[in-house]
Amino acid sequence: MNKKSEKEWEKILSSKQFQILRKKGTERPFTGKYNNHFEKGNYSCSGCGKELFTSDSKFKSSCGWPSFDSPIKDSVIELIDLSHGMIRTEVICSNCGGHQGHVFNDGPTITGKRYCINSISLSFKKESFSKKK
Ligand code: FE
């Protein structure tokens, strides 16, 4: 695990990233840059850079946040979250513990899952088809 103190994170991250990744905030729906983003590539944790989701697992969702039907294997940890009077499953980065979002059992694909993730917690890298320098 990539362990940093909250003071260190505060220096490295933007204030919005810090609010969401470290304070478990939620960006307003329909405002994130990856909500309606469907390029081919990978989505990494915007805190530590660990790859968490691929574009193949992303689907169109009306919930207002980027939605995936599965994470990259062992890239996230799921925790019970009893905050705000709800029972939810929180999704965090397995490397740095950064808050990503929540996972719900109402996904439209075969996995039945909807990983509802904050755009601010993600950093997209386009798939490169050419390995030439
Ligand atoms: Fe991370």
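Which backbone oxygen lies 3.2 Å from a polar atom of the side chain of Ser 57? In this predicted model, that oxygen belongs to Ser 70. I will start at that serine and work outwards.

Ser 57 sits in the loop that connects β2, residues 51-54, to β3, residues 58-59. Its relative accessibility is 5%, and the cut-off for buried is under 20%, so Ser 57 counts as buried. Setting aside neighbours within four places in sequence, Ser 57 makes contact with Ser 67, Phe 68, Asp 69 and Ser 70.

One of those contacts, Phe 68, is worth following. Again without residues up to four places away in sequence, Phe 68 touches a list that includes Tyr 43, Phe 53, Tyr 115, Ile 117 and Leu 122. Polar and charged residues are on the list as well, among them Thr 54, Lys 58, Lys 113 and Arg 114.

That leads to the core. The largest nonpolar core has 19 residues. Phe 68 is among those with the most contacts inside it, together with Tyr 43, Leu 52, Phe 53, Tyr 115, Ile 117 and Leu 122. Which elements each supply at least two residues of this core? They are α2 (15-22), β1 (41-45), β2, β6, β8 (114-117) and β9 (122-126). As general background, nonpolar side chains in soluble globular proteins tend to be buried together.

Now the sheets, beginning with the one that has three strands. The order is β2-β1-β9, the sheet is open, and the pairing is antiparallel. β2 and β9 are at the edges with a single partner strand each, so one side of each has no neighbour in the sheet. On average, neighbouring strands here are turned by 30° against each other, with direction ignored. β1 and β2 are joined by three bridges. Two of the core residues meet in this pair: Tyr 43 has Phe 53 in β2 as its bridge partner.

The other sheet is also open and antiparallel, with six strands in the order β3-β4-β8-β7-β6-β5. Its edges are β3 and β5 (76-81), each with a single partner strand, so each has one side left without a neighbour in the sheet.

At the β5 end, β5 pairs with β6, residues 88-93, over six bridges in the antiparallel sense. To give the register, Val 76 is opposite Cys 93, Glu 78 is opposite Val 91, and Ile 80 is opposite Thr 89. The two strands make a hairpin with six residues between them, and in the turn His 84 has a positive phi of about 60°.

β6 also pairs with β7 (99-104), over four antiparallel bridges. There, Ile 92 stands opposite His 99. This is a hairpin too, with five residues between the strands, and Gly 97 in its turn has a positive phi of about 80°. How many of the six residues of β6 are buried? Five are, and the strand is mostly covered.

Next, the helix that contributes to the core. The buried residues of α2 are Gln 17, Phe 18, Ile 20, Leu 21 and Arg 22. They pack against α1 (6-12), β1 and β7. Just after the helix, Lys 24 takes a positive phi of about 60°.

Gly 25 follows, in the loop between α2 and β1. With residues up to four places away left out, Gly 25 touches Gln 19, Ile 20, His 99 and Asn 118. His 99 is the residue that stands opposite Ile 92 in the β6-β7 pair. The C-alpha atom of Gly 25 is 18 Å from that of Ser 5, and the two residues are 20 apart along the chain.

Last, the cysteines. How many disulfides does the structure hold? Zero. For Cys 116, the nearest cysteine sulfur is that of Cys 63, at 3.9 Å. The cut-off for a disulfide is 2.5 Å, so Cys 116 is in none. Cys 116 counts as buried because its relative accessibility is 10%. Cys 96 counts as buried too, at 5%.

To recap, the polar contact at the start joins the side chain of Ser 57 to the backbone oxygen of Ser 70. Ser 57 is also in contact with Phe 68, and Phe 68 is one of the residues with the most contacts in the core of 19.

How values were computed. Residues are numbered from 1 along each chain as its sequence is written. This is a predicted model: local features need pLDDT of at least 70, side-chain atom pairs count only at pLDDT 80 or more; totals for chains, interfaces and linings use all residues. Side-chain values use heavy atoms; hydrogens and water are left out. Buried means under 20% relative accessible area, exposed over 50%, partly exposed in between (1.4 Å probe, protein chains only). A polar contact is a pair of N or O atoms within 3.5 Å; within protein, one must be able to donate a hydrogen and the other to accept it, and residues adjacent in sequence count only if both atoms are side-chain atoms. Contact means heavy atoms within 4.5 Å. Two strands pair if DSSP finds at least two bridges between them. A nonpolar core is a set of buried Ala, Val, Leu, Ile, Met, Phe, Trp, Tyr and Cys residues joined through side-chain atoms within 4.5 Å. Axes are lines fitted to C-alpha atoms, for helices over the stretch in contact, and angles run from 0 to 180 degrees between N-to-C directions.
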